[in-house]
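Work through the exercises below with the sequence and the model open. Try each task before reading its solution.

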Protein chains: 6
Amino acid sequence: MYIADETIDKFIKEDVPYFDLTTTLLSIGQEEGVISFTTREDAVLCGTEEVCRIFVKLGIEPTESKPSGTWICKGETFLSAKGLAESLHTAWRLSMNIIEYSSGIATRTKKLLDAIKSVNPAVELLSTRKLFPGTKELSVKAVLAAGVMPHRLGLSETILVFKQHLNFVGGLEPFLRNYQEIKQRACDKSIIVEIDTLQDAKLLSKAGVDGIQLDKLPPEALKNIVEEIRTINPNVKIIATGGITEDNVKEYAATGVDALSTSSVYFGKPIDISVKIDKAH
Amino acid sequence: MYIADETIDKFIKEDVPYFDLTTTLLSIGQEEGVISFTTREDAVLCGTEEVCRIFVKLGIEPTESKPSGTWICKGETFLSAKGLAESLHTAWRLSMNIIEYSSGIATRTKKLLDAIKSVNPAVELLSTRKLFPGTKELSVKAVLAAGVMPHRLGLSETILVFKQHLNFVGGLEPFLRNYQEIKQRACDKSIIVEIDTLQDAKLLSKAGVDGIQLDKLPPEALKNIVEEIRTINPNVKIIATGGITEDNVKEYAATGVDALSTSSVYFGKPIDISVKIDKAH
Amino acid sequence: MYIADETIDKFIKEDVPYFDLTTTLLSIGQEEGVISFTTREDAVLCGTEEVCRIFVKLGIEPTESKPSGTWICKGETFLSAKGLAESLHTAWRLSMNIIEYSSGIATRTKKLLDAIKSVNPAVELLSTRKLFPGTKELSVKAVLAAGVMPHRLGLSETILVFKQHLNFVGGLEPFLRNYQEIKQRACDKSIIVEIDTLQDAKLLSKAGVDGIQLDKLPPEALKNIVEEIRTINPNVKIIATGGITEDNVKEYAATGVDALSTSSVYFGKPIDISVKIDKAH
Amino acid sequence: MYIADETIDKFIKEDVPYFDLTTTLLSIGQEEGVISFTTREDAVLCGTEEVCRIFVKLGIEPTESKPSGTWICKGETFLSAKGLAESLHTAWRLSMNIIEYSSGIATRTKKLLDAIKSVNPAVELLSTRKLFPGTKELSVKAVLAAGVMPHRLGLSETILVFKQHLNFVGGLEPFLRNYQEIKQRACDKSIIVEIDTLQDAKLLSKAGVDGIQLDKLPPEALKNIVEEIRTINPNVKIIATGGITEDNVKEYAATGVDALSTSSVYFGKPIDISVKIDKAH
Amino acid sequence: MYIADETIDKFIKEDVPYFDLTTTLLSIGQEEGVISFTTREDAVLCGTEEVCRIFVKLGIEPTESKPSGTWICKGETFLSAKGLAESLHTAWRLSMNIIEYSSGIATRTKKLLDAIKSVNPAVELLSTRKLFPGTKELSVKAVLAAGVMPHRLGLSETILVFKQHLNFVGGLEPFLRNYQEIKQRACDKSIIVEIDTLQDAKLLSKAGVDGIQLDKLPPEALKNIVEEIRTINPNVKIIATGGITEDNVKEYAATGVDALSTSSVYFGKPIDISVKIDKAH
Amino acid sequence: MYIADETIDKFIKEDVPYFDLTTTLLSIGQEEGVISFTTREDAVLCGTEEVCRIFVKLGIEPTESKPSGTWICKGETFLSAKGLAESLHTAWRLSMNIIEYSSGIATRTKKLLDAIKSVNPAVELLSTRKLFPGTKELSVKAVLAAGVMPHRLGLSETILVFKQHLNFVGGLEPFLRNYQEIKQRACDKSIIVEIDTLQDAKLLSKAGVDGIQLDKLPPEALKNIVEEIRTINPNVKIIATGGITEDNVKEYAATGVDALSTSSVYFGKPIDISVKIDKAH
């Protein structure tokens with residue numbers, strides 16, 4: 001995945017608008033040094049490609065770099081480079097931040113995925129659009145690094161009918177009366193409708209929508225609705241969403257849905273990375 | 001705080017590169033509607049000014065908006081607006097994301113601050129630079145909304161000497177030998193040095209640096225070092241950093257330091273906001 | 001549809017990097033004037049919202065403006081405004097270009113759509129991604145203004161398997177052997193495969209893919225394949241693409257496909273607009 | 001000609017905001033592959049330099065690339081490269097679009113130029129400013145690739161007096177009364193005036209303007225006016241504009257004008273290019 | 001002249017990346033205040049339109065603002081506004097810098113122009129391209145505010161043949177052998193050639209180029225060459241350039257050239273402006 | 001110091017939006033050539049790193065380049081490169097402008113610094129924020145190249161209390177009453193207050209602020225105040241500002257202040273550089 005050059009430059013400029021004042025003050029900028037990144041916890045690594053682009057922009061030469069998606073173990077050094085002290089100090093924290101935050105997302109995603117697959121390999125994990133504004137490229141890259149597909153990346157290419165849409169057509173029934181016509185207009189896309197009751201699930205299954213998204217239902221209730229839907233129409237894809245986290249994901253995975261959609265991978269503690277910078281010998 | 005217009009446009013374009021396909025497919029775009037944002041939990045609100053700018057760009061008219069920094073209570077509606085359904089659906093999720101993430105930071109910041117002040121009103125909370133790359137404007141705004149100052153915003157205007165710097169001058173002692181000269185060059189700035197041992201703390205206090213940052217020390221050890229420093233030189237400002245979270249912040253506040261610096265406010269669960277969109281009557 | 005502010009500014013700066021030298025040379029810049037746009041041919045209007053944003057940026061006050069999507073007839077004045085001569089001359093040609101090019105796309109799209117619907121109202125028109133690089137926002141807006149949906153807006157949210165993909169998995173048959181697993185991973189999306197032979201169409205229909213895209217087939221051959229597919233699996237959506245233009249679109253519409261996908265709307269003669277600028281009285 | 005890096009990045013991001021979902025879904029991204037571009041029709045090639053920059057950004061290695069301006073013949077392969085399947089699929093369509101559209105402009109320009117030169121080698125072809133907003137860099141590059149000069153690139157560095165300007169000074173005669181003074185202020189520039197009658201042409205020739213642009217005159221009428229102008233003042237440059245296309249360009253070239261200015265090169269069918277992507281052996 | 005919105009935002013962000021720390025620290029941000037700008041010296045005012053745009057972005061309401069190009073006298077207040085203290089302090093220095101630097105250019109330009117016109121009203125002043133990179137919009141605006149035309153704004157729309165070009169064709173004589181053909185290709189443009197000897201001036205005059213630019217000649221030598229050129233060809237425009245400053249501009253104006261081209265207006269002391277900010281009553 | 005890629009591209013596009021028309025017109029673009037930059041006066045060189053990045057973007061190969069900060073002597077060639085004539089002519093003037101303006105700042109800074117150090121090596125030179133809007137990266141780089149620290153880079157990370165702030169708290173005395181509390185909130189920063197009277201200096205010294213900035217005082221008056229402050233509180237840092245130039249800097253250096261802050265380095269004559277471009281042999 002290609003992250004735009006202006007994003008990379010923004011990462012640099014956010015943290016170092018001009019130069020590292022401390023390095024300049026100590027007159028150490030022209031010394032040759034080495035930098036190395038070591039993880040303090042097991043993680044799915046992410047962001048090293050972007051950090052290497054930053055290194056190259058700053059005249060730093062990467063000497064070792066493991067790709068995004070690599071599983072790294074506590075104590076493992078996954079990225080090293082050499083260059084001038086002023087460049088290493090410019091790159092240090094922003095590189096660390098990129099890797100810590102994106103590897104955090106990748107690792108949480110992988111853990112959720114593994115939990116789901118341990119219960120039922122046929123259930124998919126999907127990530128939502130509820131990510132920190134301004135981080136879409138890096139957040140999406142992190143989810144992919146963990147082997148998971150984003151559910152929707154934006155509003156313009158997929159169809160997900162919410163109650164907030166239905167309010168303008170008078171509710172679910174008027175929508176379903178026009179469903180065939182709507183489907184024809186969007187014949188190359190899946191039409192998914194989000195609801196939260198058994199009654200609506202039955203209506204949608206009978207109408208033959210491509211998918212039903214069930215929001216914020218407890219696993220037990222969800223399981224019952226899934227069984228009803230399967231009986232009415234086995235072709236309808238079923239996605240559960242709302243409140244799915246590490247704590248309850250296995251219960252949700254056991255409900256028989258096709259996929260679990262969650263935002264919980266996008267936030268949480270960054271991976272703890274230690275960075276050493278030393279004078280070169 | 002002014003967030004750049006290109007940041008605001010990026011927020012829109014990340015989520016809605018072109019249009020809301022679902023709204024278009026349902027042919028409801030030209031209907032008049034109303035949108036309202038209600039919090040599902042107590043929070044320090046943040047981001048409404050940016051959301052209102054998005055509204056105005058999309059032709060939506062805000063009818064009520066509480067400012068960033070307002071304490072909002074569970075069930076409180078803090079933002080309402082009216083406009084065309086296509087505009088409301090374009091604005092919906094990205095507005096929610098902006099408010100949920102930035103209010104999450106503001107709320108965690110306020111909770112930490114209150115915890116600290118309940119122990120010792122003379123201790124300050126400072127936020128670090130370890131924030132999600134790409135979110136600096138919004139993250140800094142959120143911290144300010146909670147009444148807290150960022151510690152350092154970048155590398156170019158403040159001085160913080162890390163071990164990674166000292167490695168290039170041969171350690172702390174050579175640095176201290178030149179300290180007066182260094183201080184003179186930076187006479188308009190504070191010089192703070194990060195260390196993690198009592199021995200180094202003593203050396204720095206004697207040398208009269210402006211501040212000492214103590215990294216990853218347990219509260220008990222920290223307290224002892226603080227007492228030593230105060231004895232040697234009461235003018236030295238002392239900042240604790242590393243691993244300070246909601247769980248241990250009160251213990252740290254009781255150590256006698258001047259300030260606690262933490263990244264933990266920047267990540268964690270977004271505030272849970274519900275958004276209603278209805279047809280206007 | 002919201003076009004980013006930097007796109008609007010780019011439109012201005014491309015044509016007028018600094019000022020209209022001719023206006024300055026003639027010392028007429030501070031005169032009050034009026035501008036009006038009149039079409040020299042029937043058209044689906046597009047781009048007036050963007051032109052009005054340009055007007056406002058330049059201090060020009062729109063006095064009349066018909067919205068994108070309006071059918072305008074030869075001789076009809078659809079946009080008027082007043083302002084200083086220097087602003088009117090700055091806005092003139094770039095406004096004309098925006099409207100002429102985007103209305104050209106909208107009008108060609110509408111004509112194709114009408115031709116199709118006159119043959120078979122159940123056939124949809126879809127626009128491809130083959131548009132002039134740098135014009136995506138305006139081109140997509142123009143297609144929407146004519147009431148047509150873009151087929152795919154980019155590579156990241158829809159699935160279209162080309163021969164160029166299949167070459168990496170060993171062709172169509174290995175792909176179909178894994179189809180169920182692939183479909184499960186993308187359970188929230190439609191999977192469409194582009195092929196160009198009857199044999200492949202049969203294989204895909206039996207496998208139950210969501211859609212088949214048939215590339216560059218003559219209408220007669222296409223019709224036969226469509227009938228075969230319908231017999232095997234009536235749920236498969238069928239899209240024809242490749243070489244569909246105003247000249248042959250009716251023949252394609254009569255083949256029984258669900259949709260016709262074409263790039264021909266994106267290029268061709270701009271609509272001919274005349275612009276008058278006069279001194280205000 | 002240097003096209004800005006942000007334009008190149010925009011080309012990528014317009015088509016591939018994040019990644020090729022199809023490639024990811026098929027798990028073929030890490031396969032090594034080769035890509036080659038072959039023309040299906042004779043053309044003046046344009047855009048390969050920009051495509052190679054895109055290749056390099058994506059880690060694709062160009063193995064053969066003919067420069068912009070090359071005449072390529074039907075069936076000729078002019079660009080090849082190798083790289084990972086995920087990169088090749090990211091680059092494919094956007095590269096094709098860049099080359100197809102810009103080579104379309106270059107080829108139409110060259111055909112017009114050749115037609116003109118076959119009639120009268122002393123007549124020049126000039127391209128106007130009426131190009132698709134957002135495409136200026138690529139459109140200008142394409143015109144240059146065909147060996148033709150743009151007439152005016154923008155409003156700020158050349159002088160072209162339109163009726164829309166003259167309306168503010170009271171018409172042509174007041175303008176001519178001040179002509180010497182105006183010319184003095186712009187002594188380093190050519191002053192060209194657009195008119196459409198013999199009477200105005202006579203007035204301008206007598207006044208000694210640098211150039212006269214004659215708008216939308218039929219070739220026969222144009223020829224008469226040209227002869228009149230030449231008799232009155234042989235130093236005045238004469239440019240014909242308005243409605244000049246492939247169909248009538250030879251008649252216009254025979255009128256004795258110095259140059260023909262046309263927008264018709266900027267729009268029309270893109271060149272038809274085929275792109276093969278295969279697994280590397 | 002329209003300065004792009006991203007330039008305006010860059011002006012803000014360069015000086016105030018996030019907020020005014022001092023205002024926040026003093027907890028005065030929400031106080032209502034007034035700001036006023038007064039000149040400490042006579043000047044041609046420039047930049048108030050851009051400052052007012054900044055004010056509006058920051059929620060400040062302009063109450064008085066004189067337009068760019070106004071002659072302001074020592075002690076005159078030309079810009080006032082009211083708003084919150086945090087906004088006023090954000091806007092203060094960057095507004096002052098915009099006005100001081102651009103008014104400095106405008107004032108130097110006006111002084112040079114007046115000096116020239118006092119000697120010979122038929123001589124024009126032209127500004128060169130040698131301006132501070134990054135300031136082109138503001139610098140050009142300032143020159144225009146003083147009533148002067150920029151000579152060339154860039155390389156792409158005007159023709160100026162330097163020795164550095166002639167070196168590739170073998171010098172001036174080979175160039176002149178092809179002059180008619182070159183002129184024909186650029187029939188809508190002036191061709192100007194820069195030289196610095198009488199001999200070259202004679203060759204160029206005989207060849208009938210549109211203009212001759214004479215570089216770094218002392219006024220006396222220049223005057224002789226001008227007379228020679230006028231004798232040979234009175235239609236050739238003559239521009240002097242190189243080393244023309246406030247000190248010698250009158251001597252150059254007396255040489256009989258058509259125009260003087262200088263960079264000296266672009267640099268020098270900014271106008272001294274005082275800014276008052278007070279609490280509103 | 002890393003200057004953002006979009007700044008570098010802006011430098012190119014400001015001067016050469018598309019191509020060098022003169023080079024194209026003369027058909028010399030594909031000739032191989034060499035370029036070399038020689039100084040016509042002694043200077044502190046700045047900007048060669050940025051020029052080399054421009055060269056590389058344009059396909060020009062640098063063959064010799066001295067780093068920013070080098071002292072170059074009249075007649076010294078400090079930068080050479082080779083490439084196609086069209087690239088060399090594209091790069092020529094903008095490279096020259098970058099080097100001339102930034103070396104001008106670096107050289108003025110170095111001269112002021114040397115003058116100060118010749119009087120009193122313990123006095124520092126600081127550069128202000130009063131620089132030409134749009135040039136911050138290049139201007140700051142130039143100051144650093146001369147070995148000088150910027151005083152404040154922006155408003156968000158340093159504290160400088162002006163009268164304009166004090167007006168909102170009721171003047172200096174109310175501010176001082178809350179000083180300890182304010183200092184505690186900003187315990188990691190220096191607090192500096194700008195004043196211009198002995199009385200205020202005494203109040204501030206007694207209160208123990210970190211620094212006092214004295215604005216626009218004549219050297220003699222300044223010296224007296226400095227002595228008073230030193231007597232009251234030897235720890236207070238004293239900065240003089242306002243009207244310090246090459247002419248009076250030594251007198252100011254002799255007053256006993258800790259630092260002199262001046263804007264005068266930012267404006268003035270660019271260094272005079274000659275650029276040769278020749279055909280390669």
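A residue is buried if 20 or more other C-beta atoms lie within 10 Å of its own, exposed if 12 or fewer, and partly exposed in between, with C-beta atoms placed from the backbone. Helices (H or I, at least four residues) and strands (E, at least two) are DSSP runs, numbered from the N terminus. This is a predicted model, in which local features need pLDDT of at least 70, side-chain atom pairs count only at pLDDT 80 or more, and totals for chains, interfaces and linings use all residues. Residues are numbered from 1 along each chain as its sequence is written, and chains are lettered from A and ligands numbered from 1 in the order in which they are written.

**Exercise 1. A covered helix**

Task: Count the buried residues of helix H5 (residues 136-145) of chain B.

Solution:
- Start with the tally: ten of the ten residues of H5(B) are buried.
- Now name some: the buried set includes Lys136(B), Glu137(B), Lys141(B) and Leu144(B).
- Conclude that H5(B) is mostly covered.
- Check what follows H5(B): Gly147(B) has a positive phi, near 85 degrees.

**Exercise 2. Chain A as a whole**

Task: Describe chain A by its elements, span and burial.

Solution:
- Count the elements: chain A has eleven helices and 13 strands.
- Take the span: the C-alpha trace of chain A covers about 75 × 35 × 25 Å along its principal axes.
- Take the burial: 61% of the 281 residues in chain A are buried.
- Turn to contacts (two residues are in contact if their C-beta atoms, placed from the backbone, lie within 7 Å). Among contacts in chain A between residues at least 6 apart in sequence, 72% join residues at least 24 apart.

**Exercise 3. Two helix pairs**

Task: Classify the packing of H9(A) with H10(A), then that of H1(F) with H4(F).

Solution:
- Recall the description: two packed helices are given by the angle between their axes and the distance between the axes.
- Fix the convention: axes are lines fitted to C-alpha atoms, for helices over the stretch in contact, and angles run from 0 to 180 degrees between N-to-C directions.
- Fix the classes: angles under 35 degrees count as roughly parallel, over 145 as roughly antiparallel, 65 to 115 as roughly perpendicular and the rest as oblique.
- Read the pair in chain A: H9 (residues 198-207) and H10 (residues 219-232) pack at about 20 degrees, with axes 9 Å apart. H9(A) is therefore roughly parallel to H10(A).
- List contact residues: H9(A) gives Leu198(A), Ala201(A), Lys202(A), Ser205(A) and Lys206(A), while H10(A) gives Ile225(A), Glu228(A), Ile229(A) and Ile232(A).
- Sort by class: Ala, Val, Leu, Ile, Met, Phe, Trp, Tyr, Cys and Pro count as nonpolar, Asp, Glu, Lys and Arg as charged, and the others, Gly among them, as polar. The contact of H9(A) with H10(A) has five nonpolar, one polar and three charged residues.
- Read the pair in chain F: H1 (residues 5-15) and H4 (residues 85-119) pack at about 125 degrees, with axes 9 Å apart. H1(F) and H4(F) are therefore oblique.
- List this contact: Phe11(F), Ile12(F) and Asp15(F) of H1(F) meet Arg93(F), Leu94(F) and Ile98(F) of H4(F).
- Sort again: the contact of H1(F) with H4(F) has four nonpolar, no polar and two charged residues.

**Exercise 4. Chain E and its partners**

Task: Find the axes that relate chain E to chain F and chain E to chain C.

Solution:
- Note the method: copies are superposed by least squares on the C-alpha atoms of residues with pLDDT of at least 70 in both.
- Lay chain E on chain F: a turn of 180 degrees and a shift of 0.0 Å along the axis give an RMSD of 0.0 Å. That is the relation of a two-fold axis.
- Compare surfaces: 100% of the contact residues of chain E recur in chain F, so the same surface serves both copies.
- Size the contact: it takes 56 residues from chain E and 56 residues from chain F. H4(E) gives the most to the side of chain E that touches chain F, with eight residues. By class, that side has 28 nonpolar, 14 polar and 14 charged residues.
- Lay chain E on chain C: a rotation of 120 degrees with 0.0 Å of shift along its axis superposes them (RMSD 0.0 Å). That is the relation of a three-fold axis. In chain E, the C-alpha nearest the axis belongs to Glu6(E), 4.3 Å from it.
- Size this contact: nine residues of chain E touch twelve residues of chain C. H5(E) supplies the largest share of that side of chain E, three residues. By class, the side has six nonpolar, no polar and three charged residues.

**Exercise 5. One residue**

Task: Is Ala240(E) buried or exposed?

Solution:
- Locate Ala240(E): it sits in strand E11 (residues 237-241) of chain E.
- Count: Ala240(E) has 29 C-beta neighbours inside 10 Å, so it is buried.
- List partners beyond four places in sequence: among them are Leu214(E), Leu222(E) and Tyr252(E).
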